[in-house]
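Here are my notes on the model you sent. They are numbered so that you can reply point by point.

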4 protein chains.
Amino acid sequence: MTEELTKMVAEARPYAERGKVADYIPALQKSNASDLSVSIFNVNGHDYHAGDYLKKFTLQSISKVIALALVLMDSGPEKVFAKVGMEPTGDSFNSIAKLETMKPSKPLNPMINAGALTVTEMIKGNSSTEKWTRLIEFTAKLTNDETVTYNASVAQSEFDTAFLNRSLCYFLKQHGIITGDVEELMDLYTKQCAIEMNCSELARIGAVFAMDGCDPLTGKQTIPKDIARICKTYMVTCGMYNASGEFAMKVGIPAKSGVSGGIMGAVPNRCGIGIFGPALDHKGNSIAGLKLLEMMSNRYGFSIF
Amino acid sequence: MTEELTKMVAEARPYAERGKVADYIPALQKSNASDLSVSIFNVNGHDYHAGDYLKKFTLQSISKVIALALVLMDSGPEKVFAKVGMEPTGDSFNSIAKLETMKPSKPLNPMINAGALTVTEMIKGNSSTEKWTRLIEFTAKLTNDETVTYNASVAQSEFDTAFLNRSLCYFLKQHGIITGDVEELMDLYTKQCAIEMNCSELARIGAVFAMDGCDPLTGKQTIPKDIARICKTYMVTCGMYNASGEFAMKVGIPAKSGVSGGIMGAVPNRCGIGIFGPALDHKGNSIAGLKLLEMMSNRYGFSIF
Amino acid sequence: MTEELTKMVAEARPYAERGKVADYIPALQKSNASDLSVSIFNVNGHDYHAGDYLKKFTLQSISKVIALALVLMDSGPEKVFAKVGMEPTGDSFNSIAKLETMKPSKPLNPMINAGALTVTEMIKGNSSTEKWTRLIEFTAKLTNDETVTYNASVAQSEFDTAFLNRSLCYFLKQHGIITGDVEELMDLYTKQCAIEMNCSELARIGAVFAMDGCDPLTGKQTIPKDIARICKTYMVTCGMYNASGEFAMKVGIPAKSGVSGGIMGAVPNRCGIGIFGPALDHKGNSIAGLKLLEMMSNRYGFSIF
Amino acid sequence: MTEELTKMVAEARPYAERGKVADYIPALQKSNASDLSVSIFNVNGHDYHAGDYLKKFTLQSISKVIALALVLMDSGPEKVFAKVGMEPTGDSFNSIAKLETMKPSKPLNPMINAGALTVTEMIKGNSSTEKWTRLIEFTAKLTNDETVTYNASVAQSEFDTAFLNRSLCYFLKQHGIITGDVEELMDLYTKQCAIEMNCSELARIGAVFAMDGCDPLTGKQTIPKDIARICKTYMVTCGMYNASGEFAMKVGIPAKSGVSGGIMGAVPNRCGIGIFGPALDHKGNSIAGLKLLEMMSNRYGFSIF
């Protein structure tokens with residue numbers, strides 16, 4: 001399988017030339033556009049890799065799924081759904097217009113920025129520090145790597161330039177969806193986005209979701225089944241920004257992408273997938289990563305449809 | 001299983017009181033709000049029913065899936081996707097605003113009215129009559145009932161009042177998405193929406209999609225596998241109007257609803273489902289039908305997530 | 001004054017090179033982009049001209065003011081304001097999105113297409129023909145030219161291609177703002193837009209508005225004072241599409257433009273102005289005509305501000 | 001004239017019962033809904049009053065005109081128009097959606113919040129304090145009252161709750177329209193909105209605009225003529241929020257309102273008007289104040305149309 005993966009990576013890599021690395025977060029601009037790596041973590045514990053799969057990258061929007069799982073465990077679906085919706089949207093992930101035209105002004109889902117900011121604020125904790133500690137410890141549990149942490153310079157870079165996210169936060173605060181201090185939330189959220197790992201670790205998290213929340217190695221239920229399934233459903237309907245429909249059609253794997261070029265996939269009862277390819281298409285998804293996933297889905301019959 | 005279905009129908013029926021029958025099409029206002037019936041058509045050929053499952057109703061938006069399958073077979077996915085997108089939308093099914101703000105002005109998907117009108121116009125045929133004949137014959141093949149036809153008075157009622165659909169058509173014509181005569185298209189589209197059948201027949205169509213396009217009785221591939229899967233994917237991401245996300249979460253069955261109160265479900269490799277319950281919630285879905293599907297999904301493990 | 005006008009026309013004419021003639025109505029594409037002519041009709045009866053001021057052109061949106069005056073006389077302001085608003089808009093003249101997001105779906109003002117179509121339908125008459133007859137006779141009275149009529153080939157060209165206006169009509173019909181047959185209205189509206197005259201005649205109409213509805217030659221009150229003032233107010237706040245604010249700033253004359261390149265101005269108590277210069281800027285106003293008006297306003301102190 | 005004003009105030013006051021005081025700024029909720037007072041400051045130096053015209057109130061949006069005049073004097077129209085547009089809008093004064101759909105994301109005019117925030121940031125000064133000093137000294141010059149200052153508790157109340165304005169600021173900062181620190185700008189802007197005076201002083205400022213920037217008592221040109229006229233034009237097209245069109249129709253006076261219930265009017269070459277009536281209609285204008293202005297306009301022929 002490793003050989004096959006290596007071939008597919010070689011075949012997908014040239015697609016990176018049609019994309020470009022994220023430029024709206026200064027620290028991400030340094031990425032190497034032609035990078036492409038992948039890990040598969042089978043639910044039986046075997047893993048396979050291709051490319052420079054130990055290279056670290058920040059999770060960015062992929063972290064939205066982790067925070068969502070934690071908050072659903074913290075407060076239960078009912079309280080979460082009172083603040084964020086369950087519907088996919090045809091708008092861009094950072095759109096604010098819809099919040100104004102909708103009554104009430106509730107983010108459509110937790111995969112767009114407005115919804116993710118709302119979710120992150122809901123992480124339980126008496127302080128921003130406590131919230132952060134709980135989030136990174138939960139991430140450590142999912143990756144089975146206690147040393148997992150965030151990239152401070154990326155976090156700082158995002159913190160310094162996240163004017164649109166602040167705009168969303170204050171809009172949501174006006175409407176009572178966000179209630180706390182915005183700068184504290186921005187600090188927490190930019191750290192969350194800057195959580196750093198490699199493909200192999202990401203694939204391992206994917207495998208937990210693939211197993212409906214059960215850790216494939218320990219057999220422990222890290223995330224309750226219902227909550228893992230809620231997360232997977234969001235990954236299908238909203239995981240790839242406003243290209244989620246096309247992705248469902250062509251690939252059919254519950255997945256979540258980030259503007260760092262990472263993609264986490266969860267093939268039900270089979271495997272988790274971690275991909276890193278920083279050249280993005282115009283919707284913010286890893287362009288070579290998408291191609292690679294399409295090849296893998298066709299080759300291994302990964303689609304849930 | 002019939003007994004269980006009967007119990008669940010009895011339990012779901014009271015939810016109808018919280019909804020109301022569609023009022024925007026005069027002919028649909030005559031429906032009996034407390035009706036609720038269901039058929040399951042197993043891929044092994046057995047079927048089960050509860051409620052007045054032989055009562056006929058018009059397909060309305062459910063017909064969008066049938067027309068889509070036909071047009072994908074007629075012209076191939078590439079030509080269809082050139083005119084309609086693959087993305088779900090947070091907007092209402094009859095919204096026009098998004099068409100204006102998006103560049104190009106292409107309907108986001110074929111399950112919203114703008115997209116469905118575009119698809120219906122693409123049905124091959126030298127005349128509106130020929131297009132209609134091909135569509136109804138295809139529907140007959142899917143239901144295995146050559147007598148299937150449309151309800152002329154419902155079609156007329158919709159034709160007389162479908163100002164919003166005409167508005168969408170002319171907007172799309174302005175942008176070159178629709179190219180033919182609007183009144184002819186309206187005639188064809190309102191007939192399509194008025195195709196009439198009962199739950200049992202609808203469940204049978206659902207079973208074809210559940211079998212990836214293969215007829216469960218004859219074993220013939222009525223719809224090519226790839227096309228059946230495209231249709232099912234749309235049913236998951238956009239099948240229940242702008243409640244599709246919530247439905248995926250709570251029920252998890254590829255399904256399509258219509259404002260007549262019908263719902264067609266397709267449980268992969270297991271069964272097709274036909275439901276009729278005309279009392280609608282505010283998003284246009286059968287309110288008791290949704291409840292019934294949720295019960296069935298929980299009871300039988302129908303969710304794909 | 002004729003000499004001055006001639007100089008200013010020569011100075012303004014080169015600005016036409018930065019614009020282009022309307023291309024969305026096929027018949028208008030034949031216009032000569034470098035044309036520029038002007039007439040001033042003083043309230044004392046004297047008139048002045050420059051350029052080919054006897055060349056005929058169609059009124060297009062300028063006709064909205066004439067129809068509005070007639071309908072206000074027919075039904076009174078209250079009935080008209082029940083169907084169209086009094087507010088300027090930052091949107092394009094043919095926008096439909098705002099109609100969807102506003103509750104109720106009432107056109108913001110009668111100078112955008114949605115509002116103008118609503119107004120034209122309100123012209124009194126038992127038939128489309130009678131409505132047309134009343135409109136053209138009213139126009140004849142304003143120009144003091146009984147032979148004034150419409151350009152049939154331009155009307156036909158617009159009728160054949162006005163898909164966006166039909167889209168607006170059906171949207172408004174859905175919401176009960178327009179109640180009659182859309183094709184009949186389109187026939188009437190495209191004739192109205194195709195009413196043809198030259199700069200001299202247009203200046204004469206402008207003079208009637210400048211005199212608060214009183215004919216400068218006969219002294220008769222062709223339009224009641226209150227209604228003339230309503231029309232002039234709309235000309236100030238919405239007369240130049242979504243460049244009305246800038247025009248008020250730089251020119252300050254109640255005026256109405258059309259995509260044919262015509263502009264009618266009404267300088268209170270002083271004069272009417274007729275301009276024709278078919279090269280348009282991207283907002284649909286005569287580019288050299290705007291420049292010419294700015295020069296005239298500066299030279300003669302025409303601004304009301 | 002005082003007697004007439006007193007009568008009109010008595011007649012207009014009951015309209016206050018149909019409105020209500022602003023509730024979105026806590027400190028404004030304490031206003032007495034039935035208050036109504038007016039001052040007229042004639043350009044010949046005479047003034048007339050009715051009601052409790054010495055009662056102080058905060059300027060709120062009325063201050064947008066003062067800041068605009070100062071910034072136009074500071075940087076010239078060209079630089080200002082590069083950052084804010086000249087067009088009225090049909091949207092609410094605190095709308096953000098339009099900023100997203102428009103390219104570039106430039107506020108439509110300086111009378112909506114997005115535009116006003118942009119203008120206030122442009123006040124020249126090396127620090128927020130210096131900017132404030134320049135603004136309040138300019139205001140003092142206009143009122144001829146060196147003691148004019150702001151209401152600290154109203155400013156604080158707005159500062160604490162202005163989440164929507166912060167949302168607008170950060171959105172504008174994302175797009176490079178606002179470039180400095182948002183909290184400093186909010187401090188300056190909320191002070192500006194909280195500048196406090198009475199009807200008599202407000203009428204005096206109105207008189208300066210009525211005189212094209214010339215102080216009616218000293219004869220000095222406090223504001224250059226061109227700039228005063230730009231301000232007056234904005235007052236006509238955008239001064240009364242998204243009721244400006246109706247106001248132009250019914251009253252026809254260049255005017256600016258604030259949610260405190262104040263209105264400043266400037267009748268060209270005749271007089272300035274100051275009104276205070278805190279009960280607002282649903283668009284944010286003083287409901288009895290509007291009625292009073294309509295009466296005054298009809299009685300004294302104040303309309304510019």
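1. Start with E196(A), which sits in strand β5 (residues 195-197) of chain A. Keep in mind that this is a predicted model. The side chain of E196(A) makes a polar contact of 2.9 Å with that of N151(A). Leaving aside residues up to four places away in sequence, E196(A) touches K56(A), F57(A), T58(A), V148(A), T149(A), Y150(A) and N151(A). S297(A) is another matter: 101 residues along the chain from E196(A), with 26 Å between the two C-alpha atoms.

2. Next, strand β7 (residues 262-267) of chain A. Is β7(A) enclosed or open? Six of its six residues are buried, so the rest of the structure largely encloses β7(A). The cover extends to both faces. On one side lie G262(A), M264(A) and A266(A); on the other lie I263(A), G265(A) and V267(A).

3. β7(A) has a partner in strand β6 (residues 255-257) of chain A. The two run antiparallel and are joined by three bridges. S257(A) faces I263(A) across this pair. Four residues separate β6(A) from β7(A) in a hairpin, and G261(A) in the turn has a positive phi of about 105°.

4. β7(A) also pairs with strand β8 (residues 271-276) of chain A, again in the antiparallel sense, over six bridges. Here A266(A) stands opposite G272(A). This hairpin has three residues between its strands. Its turn includes N269(A), whose phi is positive at about 60°.

5. Now chain B. Its strands β2-β1-β8-β7-β6, in that order, make an open sheet of five with antiparallel pairing. β2 (47-50) and β6 (255-257) of chain B are the edge strands, each paired on one side only. From one strand to the next the twist averages 10°. Helix α1 (residues 2-12) of chain B packs on this sheet, where it touches β1 (37-42) and β2 of chain B. The directions of α1(B) and β2(B) make an angle of about 30°.

6. At the β6 edge of that sheet, β6(B) pairs with strand β7 (residues 262-267) of chain B. Three bridges hold this antiparallel pair. S257(B) is opposite I263(B) in β7(B).

7. Helix α8 (residues 182-193) of chain B passes a length check. Its 12 residues, at 1.5 Å each, should span 16 Å, and the end C-alpha atoms are indeed 16 Å apart. D181(B) caps the N-terminal end of α8(B), with a side-chain oxygen 3.1 Å from the backbone nitrogen of E183(B).

8. How many residues of α8(B) are buried? Nine of the 12 are, so the helix counts as mostly covered under the cut-off of 20% relative accessible area. They are V182(B), L185(B), M186(B), L188(B), Y189(B), T190(B), K191(B), Q192(B) and C193(B).

9. Last, the cysteines. How many disulfides does the structure hold? Zero, over all chains. C214(B) is in none, and the nearest cysteine sulfur, in C231(B), is 15 Å away. C214(B) is buried, at 14% relative accessible area.

10. Why is C238(C) not bonded to another cysteine? Its closest cysteine sulfur is that of C238(D), and 11 Å is too far for a bond. C238(C) is buried too, with a relative accessible area of 6%.

Note on methods
Residues numbered from 1 in each chain as written. Chains lettered and ligands numbered in written order. Predicted model: local features only at pLDDT ≥ 70, side-chain atom pairs only at ≥ 80, totals over all residues. Heavy atoms only, no water. Expected span 1.5 Å × (residues − 1). Buried < 20%, exposed > 50% of the residue type's maximum accessible area, 1.4 Å probe, protein only. Polar contact = N/O pair within 3.5 Å; in protein donor to acceptor, adjacent residues only side chain to side chain. Pairing = 2+ DSSP bridges. Axes fitted to C-alpha atoms, helices over the stretch in contact; angles between N-to-C directions. Contact = heavy atoms within 4.5 Å. Disulfide = S-S within 2.5 Å.
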